[in-house]
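Q: Please take a close look at the aromatic rings in this structure, and at how they pair with one another.

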Amino acid sequence: MADGEAVRRVETGGAAGFWEPGSEILWRYRENGGARFHIARPVTVVRDDAELLAVWLAPGTQCVRPVLADGTPVHLEPLESRYTKPRTVQRDRWFGTGVLKLARPAEPWSVWLFWEPGWRFKNWYVNLEEPLARWAGGVDSVDHFLDISVHPDRTWHWRDEDEFAQALRDGLMDDRQAEKVRAAGRAAVEVIRAWGPPFSEGWQHWRPDPSWTVPSLPEDWDRTPAHVSS
């Protein structure tokens, strides 16, 4: 698919502002403490309505990810300087199995489903983040560092608490924002303990439509939306 065609496809919305299943959109994150986009992932819409946005990130999808200015992967940099060294972005491929992402309107987290090869379900991953802001070409958010892993036996544990603490020390969020993130995490834990949606909805048995192609990353993946609605 040519880049121009990809742009035209992601600009197409469905009835009542929702995307039709099979539509290709961008799922993006702005950098913490800044206005630029540093993560962009083309995804295919599985479901989009007033209750839920579900998208599929296919294996092999070309994405944009942050790296240090010298090209070093962010996760290889010691935590103490991980968020203070200059950064840039680079294009890369999403390797391994695909990811199903689920987000409910105005909720400060999304839930991602991971599988091992052969579609053996691995875990749910609760990504704490700003509620998704919708625009014509996709959805935007800001990651909040702290996450939760949820296992098939319904046990769970916090993830990346060290990164969350370091981000607070480095001024990427203030104490007020950090407490909002902690409160969102506690609310997510209550949903997990009650085994509410989406954990109870059987999404681990979902499979992508075999007719879907891998979406292309448009050249203007970082464009500023003309209009954003939440």
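A: What follows describes the aromatic pairs and then the charges that sit over rings.

This is a predicted model, in which local features need pLDDT of at least 70 and side-chain atom pairs count only at pLDDT 80 or more, while totals for chains, interfaces and linings use all residues. Residues are numbered from 1 along each chain as its sequence is written, and side-chain values use heavy atoms, with hydrogens and water left out.

A pair of aromatic rings is described by the distance of the centres and the angle of the planes. Here, rings of Phe, Tyr and Trp (for Trp, its six-membered ring) pair if their centres lie within 6.5 Å, and the planes count as stacked when under 30 degrees apart, as edge-to-face when over 60, and as tilted for the rest. The count by this rule is 14 aromatic pairs. In one of them, W124 and W195, the ring centres are 5.2 Å apart and the planes stand at 85°, so this pair is edge-to-face. Because W124 belongs to strand β8 (residues 120–129) and W195 to the segment after α4 (175–194), the pair ties together parts that are 71 residues apart in sequence; helices (H or I, at least four residues) and strands (E, at least two) are DSSP runs, numbered from the N terminus.

As for accessibility, buried means under 20% relative accessible area, exposed over 50%, and partly exposed in between, with a 1.4 Å probe and protein chains only. W124 counts as buried, at 2% relative accessibility, and W195 is also buried, with a relative accessible area of 13%. W206 and W212 form a tilted aromatic pair, with 6.3 Å from centre to centre and 35° between the planes. Of these two, W206 is buried, its relative accessible area being 15%, whereas W212, with a relative accessible area of 23%, is partly exposed.

Both pairs belong to a wider arrangement, since ring pairs link W56, W115, W119, F121, W124, W195, F199, W206 and W212 into a cluster.

Rings also have charged partners, where a charge sits over a ring if NZ of Lys or CZ of Arg is within 6 Å of the ring centre and within 35 degrees of the ring normal. R28 lies over the face of F37, at 3.7 Å from the ring centre, and K101 lies over the face of W112, at 4.1 Å from the ring centre.
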